[in-house]
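Student: Hi, could you walk me through this one? I'd like to start with how far to trust it and then go through the chains.

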Amino acid sequence: MTALKKGEDAPPEGADPGLDQLRRVWAQPKGLSGYKEINNTDVGRWYIITGLFFFVAAGIMALMIRAQLAVPENDLISHELYNQLFTMHGTTMMFLFAVPIMEAIAVYVLPNMLGARDLPFPRLSSYGYWAYLFGGLMALSSLFFGLAPNSGWFMYVPLSGPEYSPGVNADFWLLGIGFVEVSAVAASIEIIVGVLKFRPPGMSPDRMPIYAWYMLVFGFMVLFGFPPLVLGDLLLEMERAFHWPFFDVERGGDPLLWQHLFWLFGHPEVYIIFLPAAGIVSTVLPTFVQKPLFGYSWVVLAAVGTGFISFGLWVHHMYATGIPTLSLSFFSAASMAVAIPSGIQVFCWIATLLNGRPILKTPMLFILGFLFIFVLGGLTGVMVASVPFDWQVHDSYFVVAHLHYVLIGGMVFPLFAGLYYWMPLATGRLMSERLGRWAFGLMFVGFNVTFFPMHIVGLMGMPRRVYTYPAGFGWDWYNLTATVGAFMLAAGVAVVLFDSWWHRRRGPKAGFNPWNAGTLEWLTPTPSVNYGLRSVPVIKSHYPLWDNPDLVESVRRGEWYLPDARSGHRETIRSSTVASRPEQVVRLPHPTWLPMIAAFFTAASFGVAIFKLWWIAGLLMGCLLICSVVWLWGTEDRPSPNRYDVGCGETLPIHLNGPNTHSFWGMALLLIFDGTAYLSLVFSYFFIWTASPEFPPPRFEGGEMAVAAACAVAMLLGSAAARLSVHANRRGRHGLYQLLLLVNAASFAAGALLMAQTLRMAGLGPTENAYGAVLWMMVSWTGFHVAISLIMTAYCAARGLAGRIDAERYQTLLNSELFWHFTTAVTLASLAVMHLFPQVA
Amino acid sequence: MVLFTGGAVIFVAVMGLVLYALFADPDRTRRLTGDHLVLWGGLVFPAVTLAILLVYSISVSNAVTRPPAQDALRVEVIGHMWWWEVRYLDESGELEFVTANEIRAPVGRPVEVALTTADVIHSFWVPNLHGKMDLIPGHVNRIVFTPREAGVMRGQCAEFCGDQHAWMAFHFVAHEPAEFEEWLELQRRPAPEPPTPMLAAGREAFVAYGCGACHRVRGLEGADGDLGPDLTHVGSRPSIAAGRLDNTVGAFGGWIVSAQHLKPDNFMPSFEHLDGPTLRALAAWLESLE
Amino acid sequence: MGRVIPRDSLVGMVGGPLVWTVHFLLIYVFTAVACAFRFADVTFLGTSIVNSLMVIATLLAVAVIGWLGWLAWGRYRRAGGPERTDDPLLSRHQFFSLVALLLCVLSAIGVVYEGIPLLMLPACG
């Protein structure tokens, strides 16, 4: 059926000039320079390995925890270390392992699945990776100095606040999370734009591999789910470092605000982790049944539906905080509703299984293990969704059991299935079936032995996060059993890790498409190559390899799009979002050190900020800024001619301006993220207002209102100047363009100062009370955006002078314009909240 | 119980279906598959079951959060890093007396506990009595329950609250009404006079070593501190140091000498250099405070 | 009809869940504000107006979702319903309208679930 049989190599050098060009252009630099590489295949591989490293680290912490709890009143580990261990175990698993490794897998396989040569912004994903690596190592290292965070992975204030955690421990947490946020946002923008725009011709959304749908939902969930935490982080750091009282009851703050912000992120987070894993299941399962996934539309419905409803669950972590029962019940209702899409998915998987005869290879075993554990975890999930039941088991070991069933069952097992499944793409060899069975057996049995008893001991009344417990309550044997299980589970993981190293030399050669899968990523030889497909075919179904047996040969012969790299550039095709018609040949950047250097400066500035060395941090941020300017300066090259023959009788433009370009989408998505963080700030304002209604809002007299109005006018003027500057540039009026940019900058600067002035006139400082703190936060928000806007204005002016923005290419200007308007919108909204709302209320 | 049985049945049914898919003849299993399977199994069945569950769980929470009866016993509980201050109020809401790490109530009468905290967030939980409720700065949360039979139950802080979260327990004691009245009567009184010279020496040591700077003993000059638990009737409590130790003379001695070893980083220093006789007298006196 | 939502747009596909989101935020914020300022004690014809208003909002949300679902159903039927087709345009229409329809069903269930406590519990108990 296929011409490339197992063990057969690709044709030799020189036999095929197009192929040689591709190989040369996409080759990883040799030696140490190899780390300059920004291609998704290499970055994705490092990303996955790093994720697994943090998994092992957090796993070792878990073993230490279990060792301490093996017997009652054990003093193997001190309470200080224990509290750091369980905090870091949760933090590392959630933030440094679960989310990043899901991004990592997507970075690695998604472009291949979509027939793209890379993701839309390779340097951004590379930057995200290095930021994650540096930040993660820094956060983890705190454990070796005894400075690790110790207030639990959800860091409830006031325990994590300045009074009860005066050391730098909590700051390490805030830092570590800051990094994961940076890399998660980078990855999610990358993934969304990749899925929506970097698809092969003909692959309209109804023909995308199902994994792409899951990752699309994942991307949007990160964009809407992470901002509340970013804001919470900022507020807590402001309270810790500068005593702005957002959570301090004495000064009108409320500790529940933190819980809301945290869980506004924290619950979607669970699904942010679960959906990509479900995507792996929906990808691997059909291969081992050798039948298409049953109910593609149903599964898309489930993924999208889960994405929405999971944002309505956050308060179900706060049932015991004294919120009125009716409000709790809304969240209880949503928590029950979210079980429906999960049910649909499970039944789609079962229907797929029923459709054929499953092949019980290792990846399939992990999928079956997943089904078992996840269904059980889902059922206990429905139980804890019930308010009165949760009052009983909340913060007990029952919840510990539940969350591990959902997370290990729902995420780690599918992940391992994915590792076994896609490993041949990375190494060209298969992992051992025998060791695989052992690993699965140890992990599955070990998992259940560890966590099932926890349900019981939780119902018996053992609270979570205790470093020891008294004997004689009947908890002893359950705990000992759990400890034994934990070591079994760890042994299983060790077998997998051993084999993933060992099989690289000893495993059987995988050859072409070893599992006889149907999706595009298996169209490359194994191990896979950086450029992905030799040529990019037109796609007509979900499983092109199954449905079109001739595809393999024709793709290999280079009969489709982009069969070579004669321009000497790395390039890939961008298609339209819905119809998937090819629209542009995107030239991608070549290997560079810049992302790594930029990530280093980011890490360094965060790192010194922990120790409150603000000047050095500012300096390092300046270096970061220089990096980004250098990074961006080379974009928007002037290709001549601006058409390129992509094969199949089509020529496409290379450079385009306008809202359809991937860079514009990237900016827009970034602003969605930014805007959601801003909305979280507005939420905080209203929360503080409802939490202490008797608290007087500041009285603004006529004078402040006039200044506020002037501020609004200044911002609008700035935006208008920005709009006009785009027109001026398009008409080639360079002088006017520069002048308008100057007006834009001046108005924005004036606007920010006027806004601060309104609060100064009202005599409101940021530290006296929570109102002042929130209002000053809004001013800071505008201040920050205006500062960035000014940098952008200067940058656009400089590009204009250098002839890099002109009438033909002005995408940089369009992207900046979007940001400028956003700044204006945020400022106007803040002014309304600050000055108009108190008049109404 | 309904939850567990229902959950177990669903689990077994789903897993049965998976096993059937794995091992039965594909020609037969194929007939089962189809949109109807997903529609009924994945959508209709969960939607209906969950709706019923939702109605049921709302009615349960409605029942357990009903506002307290007029004659409820009113108790205030204040969480401290790592012990429980318990304040009894009379009908008019006036403070009657303060105790620590124990709550006592008569069988059959509703109890309304008002929960606040002196420092960080704690959570009040007696597993065999009622669900939990958090103690949050700036908030007063209430929990209402009615003990059904006499007995002692252990409760424990359920929200991580720092170093000694693991040792922040208390006891809930349900008495027959008459017994409870006796207990109330006893608690209202100041600490008893020491009947023997040795106990009197213990009391002197208590003042001399500055224990009174943190602990209050009603009726004792120089013992009016508010940082630690009120010790007026500490000898009558089910445990000491928030459930860390049983209430015995030996335990008192051990606690005084090595509080930092038994419960590291709690706010009570270890009095390691106390000489033997003083320590014995002090421990005996404390134990005698019934 | 059918032109109200442009064909095959990703945003149009998630109309149902968007209504769910708006409704959810509305009732949550409304309860929080009403309880903070004690509007809940205001009654009209023996029921709290807070609850009544929210029940009305719920019915409204269900109606809007129902309408969106009906539109999606119409588009699905016109694209040939469940019949398999090789025409890429038609199969794309089928997919978008079917997913939109299913999402409406799910959102409607979600909104009705939110309505259940409204009928059973007082606003600020």
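Student: Let's take chain C as a warm-up. In what order do its elements run from the N terminus on?

Tutor: From the N terminus, chain C goes α-α-β-β-α-α. That comes to four helices and two strands. Keep in mind throughout that this is a predicted model.

Student: What share of chain C is buried?

Tutor: Of the 125 residues in chain C, 44% are buried. As for its contacts with a separation of 6 or more, 78% are between residues 24 or more positions apart.

Student: Since it's a prediction, what is the mean pLDDT of chain A?

Tutor: The mean for chain A is 91, and 97% of its residues reach 70 or more. Confidence in chain A is highest in helix H2 (residues 40-69), at a mean of 96, and lowest in helix H12 (residues 387-393), at 87.

Student: And where does pLDDT stay under 50 in that chain?

Tutor: Over residues 1-9 of chain A. For that stretch the model has 18 contacts beyond four places in sequence.

Student: OK, new topic: interfaces. How many residues of chain B are in contact with chain A?

Tutor: There are 59 from chain B, and they touch 60 residues of chain A. On the chain B side, the elements giving two or more residues are helix H1 (2-23), helix H2 (26-29), helix H3 (35-64) and strand S7 (133-135). H3(B) gives the most, with 17 residues.

Student: How does that side of chain B split by class?

Tutor: The side of chain B that touches chain A has 34 nonpolar, 18 polar and seven charged residues.

Student: And how many residues of chain B are in contact with chain C?

Tutor: Eight residues of chain B, meeting seven of chain C. On the chain B side, five of these are nonpolar, three are polar and none is charged.

Student: Now the sheets in chain B. What is the strand order in the five-stranded one?

Tutor: The order is S3-S2-S1-S5-S8 (chain B), in an open sheet with mixed pairing. Strand S3 (95-100) and strand S8 (141-145) of chain B are the edge strands, each pairing on one side only. Neighbouring strands are turned by 25° against each other on average, direction ignored.

Student: Which way do S1(B) and S2(B) run relative to each other, parallel or antiparallel?

Tutor: Antiparallel: strand S1 (residues 73-80) and strand S2 (residues 83-89) of chain B are joined by six bridges. A hairpin through two residues links S1(B) to S2(B). S1(B) also pairs with strand S5 (residues 111-117) of chain B, in the parallel sense and over seven bridges.

Student: What stands opposite B:Gly79 in S2(B)?

Tutor: That would be B:Trp84. In S5(B), the residue opposite B:Gly79 is B:Thr117.

Student: How about the three-stranded sheet, which strands are at its edges?

Tutor: Strand S4 (102-106) and strand S9 (151-156) of chain B; each has a single partner strand, so one side of each is left without a neighbour in the sheet. The sheet is open, in the order S4-S10-S9 (chain B), with mixed pairing. Its twist averages 20° from one strand to the next.

Student: In what sense do S4(B) and S10(B) pair?

Tutor: S4(B) and strand S10 (residues 169-175) of chain B pair in the parallel sense, over five bridges. B:Ala105 stands opposite B:Ala174 in S10(B). Helix H4 (residues 177-188) of chain B packs on this sheet, touching S4 and S10, and its direction makes about 135° with that of S4(B).

Student: Back to chain A. I clicked on A:Leu365, so is that residue buried or exposed?

Tutor: A:Leu365 has 23 other C-beta atoms within 10 Å, so it counts as buried. A:Leu365 is found in helix H11 (residues 362-385) of chain A.

Student: What does A:Leu365 touch beyond its neighbours within four places in sequence?

Tutor: A:Leu365 is in contact with A:Leu360, A:Arg437 and A:Phe440. A:Phe444 is 79 residues away in sequence and 9.6 Å away in space, C-alpha to C-alpha.

Student: Last one: what span should helix H23 of chain A have?

Tutor: With 32 residues at 1.5 Å a residue, H23 (residues 770-801) of chain A should span 46 Å, and its end C-alpha atoms are 46 Å apart, which agrees. Just after H23(A), A:Gly803 takes a positive phi of about 70°.

Notes:
Residues are numbered from 1 along each chain as its sequence is written. Chains are lettered from A and ligands numbered from 1 in the order in which they are written. This is a predicted model: local features need pLDDT of at least 70, side-chain atom pairs count only at pLDDT 80 or more; totals for chains, interfaces and linings use all residues. Two residues are in contact if their C-beta atoms, placed from the backbone, lie within 7 Å. Ala, Val, Leu, Ile, Met, Phe, Trp, Tyr, Cys and Pro count as nonpolar, Asp, Glu, Lys and Arg as charged, and the others, Gly among them, as polar. A residue is buried if 20 or more other C-beta atoms lie within 10 Å of its own, exposed if 12 or fewer, and partly exposed in between; C-beta atoms are placed from the backbone. pLDDT is the predictor's confidence in each residue, from 0 to 100. The expected span of a helix is 1.5 Å times one less than its number of residues. Two strands pair if DSSP finds at least two bridges between them. Axes are lines fitted to C-alpha atoms, for helices over the stretch in contact, and angles run from 0 to 180 degrees between N-to-C directions.
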